[in-house]
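Here is a short briefing on one chain and its ligands. Keep the structure open while reading.

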Amino acid sequence: MSKLQKSLIAVFGICALFFGFIIMRVVAKPNDMSVKKVEISHENYAHLGKAAYKDAYPLEYNSFMKNNMLDPSPTGYGGSFPENSYIKAQPEILENFKGYKFSIQYDVARGHTYTGVDQLNSKRIPGQMGNCIVCKGSWMYDKWYKESGWEFASKPFAEATPPFTNQNTVEGTDLYFGCSTCHDPETMELRVYQQGFVESMAMRGVDISNASHNDMRSYVCGQCHNEYYFMGEDKRVRHPFIGGWEPEEQYEFYQSGKAGAFTYDWLHPDSKTPMLKAQHPDFEIWKTSVHADAGVTCVDCHMPYMRENGKKYTSHWMTSPLKHIEDGCMKCHDESKEVLIARVKTIHDNNNKLQRIAGQTCAKAHLAIQAAEAAGATPEQLAPLRLKMREAAWYWDWIAAENGNGFHNPDKCMRISGKSIDLAHQVIEEANALSKGSGAI
Ligand code: HEC
Ligand code: HEC
Ligand code: HEC
Ligand code: HEC
């Protein structure tokens, strides 16, 4: 063989290796595990639950059942234990949510298997409507929506809720948060069932039915872990992310009348401010993060690949990724376990400090407006203060309500808490000036 021939063979060899590797990574990835399709019983809607999938998909089912575990996080934030109360940990909530149900009971989220137990036993449920079941599993879609669209949303809660045999046990509430929450029960393909999310994304020009596989790995979580409101017109669920992923854009969405008949969640009894309640904008916070920019989805961290007896599968224990840090974070990051956990804890500490200052300043601002009114300030004088109060509290709540304690997007969270503190201080200064009777700022 000539030198040229040898070189050519070497070059071809390297090319074959290189493209072979690319094909392995791109074509065979990300899921080289063939999913066997198994007929799941439809008896008593078992296909909308979990138990009926046990024998067909034991690895996924057993890992899903780990959501029953009640463990704290190594960072000391979040965690999965019951009665982990935000109100106890942050008493300023009592003033900030005064006159609203979140001042009665407000607990940190725990595992998905408890969704039914925790909703059915919530002190906030009396008086609520059918729309509360929208983010508790696919019953809203596979049962009600297919029958009669959004009609269920304005019915009393008890009429819309999925059937249960015991409201205090995971087994008794099997039809809450079933496998069909993220999988089409006929094909086991990933799907988004939550029609409010589908409609709101369509209003952003995104057709969920054409989503890429990687986008589905955040949409299946984002369909519930986001900020929403109930439309005044027919009580269906809708999302202010139609206006943008930033809380400033979402505030503008509400202010501009784009939310239709919905204008506020409750009237604060002290400051008489028409308030907005933010709920867990986890999807929006992640969406503009360093990880999202790098294509890293909720599933990469919260549902990493695992191996059992040589079989590869996706972990369905959707909890703090630090509980299985080797399988998620450490597949991409070189730092040690200790360094990574310490990094997350530092982010939480900083975020928590600013978030609490924002909450405490907002609580004082409500009282300052109340004092100004008692001192004789007129509704016209107080109107601009109440507007600022509404915005300050919105930013605080956006950060207080997100579940990642700042980790998902640390710099964004800092900015928003900072804005809340600034606005709340402006309210206090202006209210104090009115109280003193000068009216001058
Ligand atoms: C880069 C990895 C990563 C990505 C991507 C990610 N998370 Fe997280 N998530 C974390 C970490 C780390 C925590 C904090 C855990 C702790 O302190 O124990 C967390 C916390 C949470 C919590 C609170 C858990 C608890 O114990 O209270 C929820 C809920 C959550 N994430 C949902 C999501 C959703 C939904 C998405 C996608 C929209 C997402 N996460 C994307 C890493 C990630
Ligand atoms: C909260 C969403 C969610 C729920 C609920 C859920 N899954 Fe999954 N499942 C996923 C995601 C995400 C994947 C990864 C799919 C991918 O990237 O292709 C997955 C993958 C799978 C796969 C493919 C093989 C594998 O391990 O990757 C099977 C089988 C499966 N799930 C079974 C189940 C069963 C059984 C249940 C109920 C006990 C269930 N899933 C509940 C999100 C979910
Ligand atoms: C059907 C709506 C819904 C979907 C879809 C959903 N979640 Fe949740 N998630 C919830 C609710 C509700 C809770 C709180 C349950 C409770 O406290 O009883 C929760 C709790 C959690 C927690 C806290 C668990 C713990 O151990 O502290 C994490 C983490 C989480 N979800 C991540 C995810 C991820 C990741 C996905 C996508 C793979 C996802 N969720 C999909 C509604 C949803
Ligand atoms: C699929 C790969 C992947 C996984 C899994 C992953 N990361 Fe990352 N992470 C990245 C990439 C890529 C970046 C951006 C790096 C850069 O731009 O320099 C990043 C950035 C970070 C940063 C810097 C963030 C910032 O705002 O600048 C931290 C901290 C971090 N990751 C921690 C974690 C932790 C903790 C986990 C597990 C909960 C985790 N990551 C899981 C890929 C990953």
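The points below go from the overall fold to the ligand shells, the cores and some local features.

This is a predicted model. The chain has 17 helices and 6 strands. Of its 441 residues, 41% count as buried.

**Overall fold**

- A compact globule of 441 residues would have a radius of gyration near 22 Å, and the chain, with 25 Å, agrees with this.
- The C-alpha trace spans about 100 × 60 × 40 Å along the principal axes of the chain.
- Among contacts with a separation of 6 or more, 68% join residues 24 or more positions apart.

**Ligand 1**

- The shell around ligand 1 holds 30 residues. The closest are S73, G78, C298, C301 and S320.
- Four helices each supply at least two residues of this shell: α9 (213-222), α11 (282-287), α13 (298-302) and α15 (337-374).
- α13 gives the largest share of the shell around ligand 1, with 4 residues.
- The shell around ligand 1 divides by class into 13 nonpolar, 15 polar and 2 charged residues.

**Ligand 2**

- Around ligand 2 there are 23 residues. E60, C179, C182, Y313 and T314 come nearest.
- α2 (58-65), α9 and β6 (311-314) each supply at least two residues of this shell.
- The most comes from α2, which gives 3 residues to the shell around ligand 2.
- By class, the shell around ligand 2 has 15 nonpolar, 5 polar and 3 charged residues.

**Ligand 3**

- Ligand 3 is surrounded by 25 residues. S80, D118, C221, C224 and T319 are the closest.
- At least two residues of the shell come from each of α5 (115-120), α9 and α13.
- α13 supplies the largest share of the shell around ligand 3, 3 residues.
- The classes in the shell around ligand 3 are 11 nonpolar, 11 polar and 3 charged.
- Helix α9 thus recurs: it supplies at least two residues to the shell around ligand 1, to that around ligand 2 and to that around ligand 3.

**Nonpolar cores**

- In soluble globular proteins, nonpolar side chains tend to be buried together.
- The largest nonpolar core of the chain has 33 residues. Those with the most contacts inside this core are A365, I369, A392, A424 and V427.
- Three helices give two or more residues to this core: α15, α16 (379-401) and α17 (410-435).
- α16 provides the largest share of this core, 11 residues.
- Another core, of 22 residues, lies apart from it. V134, W139, Y145 and A153 are among its members.
- Back in the largest core, A365 has the most contacts along with I369, A392, A424 and V427. Leaving out residues up to four places away in sequence, A365 touches M389, A392, A424, V427 and I428.

**Helix α8**

- Buried residues of α8 (residues 195-203) are Q195, G196, F197, S200 and M201.
- The cover over the buried residues of α8 includes α6 (139-148), α9 and β2 (237-238).
- G205 follows α8 and has a positive phi, near 90°.

**The β5–β6 hairpin**

- Strand β5 (residues 305-308) runs antiparallel to β6 and is joined to it by 4 bridges.
- M306 has Y313 as its bridge partner in β6. Y313 is also one of the residues that come nearest to ligand 2.
- The hairpin of β5 and β6 has 2 residues between the strands. N309 takes a positive phi there, near 45°.

**Residue E233**

- E233 sits in the loop between β1 (229-230) and β2.
- Is E233 buried or exposed? E233 counts as exposed because it has 12 C-beta neighbours inside 10 Å, and 12 or fewer is the cut-off for exposed.
- E233 touches G260 and A261, leaving out residues up to four places away in sequence.
- E233 and N44 are 189 residues apart along the chain. Their C-alpha atoms are separated by 33 Å.

Methods: Residues are numbered from 1 along each chain as its sequence is written. Chains are lettered from A and ligands numbered from 1 in the order in which they are written. This is a predicted model: local features need pLDDT of at least 70, side-chain atom pairs count only at pLDDT 80 or more; totals for chains, interfaces and linings use all residues. A residue is near a molecule or strand if its C-beta atom, placed from the backbone, lies within 6 Å of it. Ala, Val, Leu, Ile, Met, Phe, Trp, Tyr, Cys and Pro count as nonpolar, Asp, Glu, Lys and Arg as charged, and the others, Gly among them, as polar. The radius of gyration is taken over C-alpha atoms; the globule rule is 2.2 Å times the number of residues to the power 0.38. A residue is buried if 20 or more other C-beta atoms lie within 10 Å of its own, exposed if 12 or fewer, and partly exposed in between; C-beta atoms are placed from the backbone. Two residues are in contact if their C-beta atoms, placed from the backbone, lie within 7 Å. A nonpolar core is a set of buried Ala, Val, Leu, Ile, Met, Phe, Trp, Tyr and Cys residues joined through C-beta atoms within 7 Å. Two strands pair if DSSP finds at least two bridges between them.
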